[in-house]
Amino acid sequence: MPTAEHFILRELLARDSHWISGTTLATKLGVSRVAVWQHMEKLRAAGFVFEAQRARGYRLTAPPGTPHAALIETQLKVRPRGFSLLVLDEIDSTNDEAARQLASGRAAPFAVIARRQTSGRGRLGRAWHSAANGNLYVSVAFRPRVPPERMGAFTLWMGLNVCELIANFTRLTPSLKWPNDILFDGRKAGGMLTEARVDADQIRDLVFGLGLNLNSPADGWPGDLARRAVSLAEVGGTPLDFNRFTAALLGRVLLAYQKFMDGDYTKTFADLWHRFDGLRGRSIVLVEAGRRHHGTVSGLDDEGALLLRDAHGRTHRFRAGEVTVEKAS
Ligand code: BTN
């Protein structure tokens with residue numbers, strides 16, 4: 001349900017940092033100028049930067065660098081029926097919150113975004129560093145009701161869509177490291193964690209979690225992460241508009257999910273894989289269930305499993321595993 005805040009934000013964004021008078025806003029909204037001023041003060045407290053002049057009105061000079069629900073919603077171009085967005089200041093894990101919301105019956109699809117997570121999780125039980133540092137922590141929840149085999153390539157498909165969105169938005173070229181890492185020159189800018197609850201032979205609900213380093217500064221990482229992690233702002237040399245990017249990302253994720261469920265994705269998958277795959281032809285070590293496998297990556301199968309050619313020319317197929325790229329000697 002759009003609120004006065006949505007309306008004001010739409011008007012301000014439409015003017016693209018030009019002035020709009022308090023009287024115009026008040027007339028369009030059907031409220032007093034004092035009420036408009038109160039809304040503007042609330043936005044200011046949420047991190048919006050305005051210029052205000054008696055004769056000219058208001059002008060947005062900088063949006064907030066932290067997640068703001070109405071600002072994301074105002075800029076969201078894809079909005080499936082019933083979609084809702086939950087923006088939180090702090091939560092244990094957006095994936096866990098999405099699972100709790102699903103369990104309590106919230107209509108899907110919906111997204112949960114937090115400014116900071118206290119127990120952000122990655123794959124294999126690892127922690128995901130989740131400080132309030134301008135990075136994005138988001139989970140999108142769905143109820144696919146299909147057999148689990150149908151979702152085999154889902155995380156990869158989503159990762160490819162996220163890579164293309166990043167490329168379109170920033171003109172940077174990330175690579176996707178199977179199965180869930182978004183990298184720049186070997187440093188991690190994003191990771192995905194898809195979790196599902198299965199009932200009998202159907203997926204009851206599914207949470208796609210994404211941690212994406214948008215705006216954290218180079219000196220903001222603890223310990224060893226400084227060497228292994230990187231943000232898009234650091235790679236591109238300029239900060240991103242957090243909420244505009246997040247709206248574009250959510251739109252892309254929602255659309256990608258629909259295409260995946262419609263089965264209308266294989267050609268695009270192949271094209272995007274060709275463009276963003278960071279492993280093809282590389283010598284890697286893949287660790288799966290404690291065993292190490294050496295080989296050269298030859299591609300993917302239809303279910304998103306990685307194909308690895310060993311030293312004897314035999315091809316092995318892996319549905320899961322941890323990949324390390326071997327250094328060229
Ligand atoms: C990985 O690279 O191992 C996956 C990292 C996934 C992190 C995201 S942040 C948002 C969502 N909430 C979590 O607790 N984890 C995912």
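**Exercise 1. Polar atoms at the ligand**

How far from a nitrogen atom of the ligand does a polar side-chain atom of Thr94 lie? Find two further side chains that place a polar atom by an oxygen atom of the ligand, and state how much of the ligand the protein covers.

Solution. The model is predicted, and the distances below are computed from it.

Step 1. For Thr94, the distance between a polar side-chain atom and a nitrogen atom of the ligand is 3.1 Å.

Step 2. Ser93 has a polar side-chain atom 2.8 Å from an oxygen atom of the ligand. For Asn180, a polar side-chain atom is found 3.4 Å from an oxygen atom of the ligand.

Step 3. On its own the ligand has 410 Å² of accessible area, and the protein covers 98% of this.

**Exercise 2. The shell around the ligand**

Describe where the ligand sits and which elements and residue classes make up its shell.

Solution.

Step 1. The site of the ligand is the largest pocket. Two or more residues of the shell come from each of helix 5 (94–103), strand 5 (136–142), strand 8 (187–199) and strand 9 (202–212).

Step 2. Among the elements, strand 8 contributes the most to the shell, namely four residues.

Step 3. Sorted by class, the shell holds 10 polar, five nonpolar and four charged residues.

Step 4. There are 19 residues around the ligand, and those that come nearest are Ser93, Gln117, Arg121, Arg123 and Lys188.

**Exercise 3. Gln117**

Is Gln117 buried or exposed, and what does its side chain contact?

Solution.

Step 1. Gln117 belongs to strand 4 (residues 110–117).

Step 2. The relative accessible area of Gln117 is 9%. The cut-off for buried is under 20%, so Gln117 counts as buried.

Step 3. One polar atom of the Gln117 side chain is 2.7 Å from the backbone nitrogen of Thr94. The Gln117 side chain also has a polar contact, at 3.0 Å, with the side chain of Ser130.

Step 4. Gln117 is also one of the residues that come nearest to the ligand.

**Exercise 4. Backbone geometry in the loops**

Locate two cis peptide bonds and two residues other than glycine with a positive phi.

Solution.

Step 1. Start from the usual case: most peptide bonds are trans, and most residues other than glycine have a negative phi.

Step 2. The bond from Ala108 to Pro109 is cis, its omega being near 5°. Pro109 is in the loop that runs between helix 5 and strand 4.

Step 3. The bond from Trp178 to Pro179 is likewise cis, with omega near 0°. Pro179 is in the loop between strand 6 (175–177) and strand 7 (181–184).

Step 4. Leu124 has a positive phi, near 55°, and is in the loop between strand 4 and strand 5. Its relative accessibility is 59%; exposed means over 50%, so Leu124 is exposed.

Step 5. Asp185 has a positive phi, near 50°, and is in the loop between strand 7 and strand 8. Asp185 is exposed because its relative accessibility is 82%.

**Exercise 5. Gly134**

Is Gly134 buried or exposed, and how far apart in space are Gly134 and Asn161?

Solution.

Step 1. Gly134 is in the loop between strand 4 and strand 5.

Step 2. With 18% relative accessibility, Gly134 is buried, since the cut-off is under 20%.

Step 3. From C-alpha to C-alpha, Gly134 and Asn161 are 22 Å apart, with a sequence separation of 27 residues.

Key. Residues are numbered from 1 along each chain as its sequence is written. This is a predicted model: local features need pLDDT of at least 70, side-chain atom pairs count only at pLDDT 80 or more; totals for chains, interfaces and linings use all residues. Side-chain values use heavy atoms; hydrogens and water are left out. A residue is near a molecule or strand if one of its heavy atoms lies within 4 Å of it. A polar contact is a pair of N or O atoms within 3.5 Å; within protein, one must be able to donate a hydrogen and the other to accept it, and residues adjacent in sequence count only if both atoms are side-chain atoms. Accessible areas come from the Shrake-Rupley method with a 1.4 Å probe; for residues, only the protein chains shown count as cover. On a 1 Å grid over the protein atoms alone, a cavity is a set of points where a 1.4 Å probe fits but cannot get out, and a pocket is an open set with protein on both sides within 12 Å along at least five of seven lines; lining residues have an atom within 4 Å of a point. A molecule sits in a cavity or pocket if more than half of its atoms lie within 2 Å of its grid points. Ala, Val, Leu, Ile, Met, Phe, Trp, Tyr, Cys and Pro count as nonpolar, Asp, Glu, Lys and Arg as charged, and the others, Gly among them, as polar. Buried means under 20% relative accessible area, exposed over 50%, partly exposed in between (1.4 Å probe, protein chains only).
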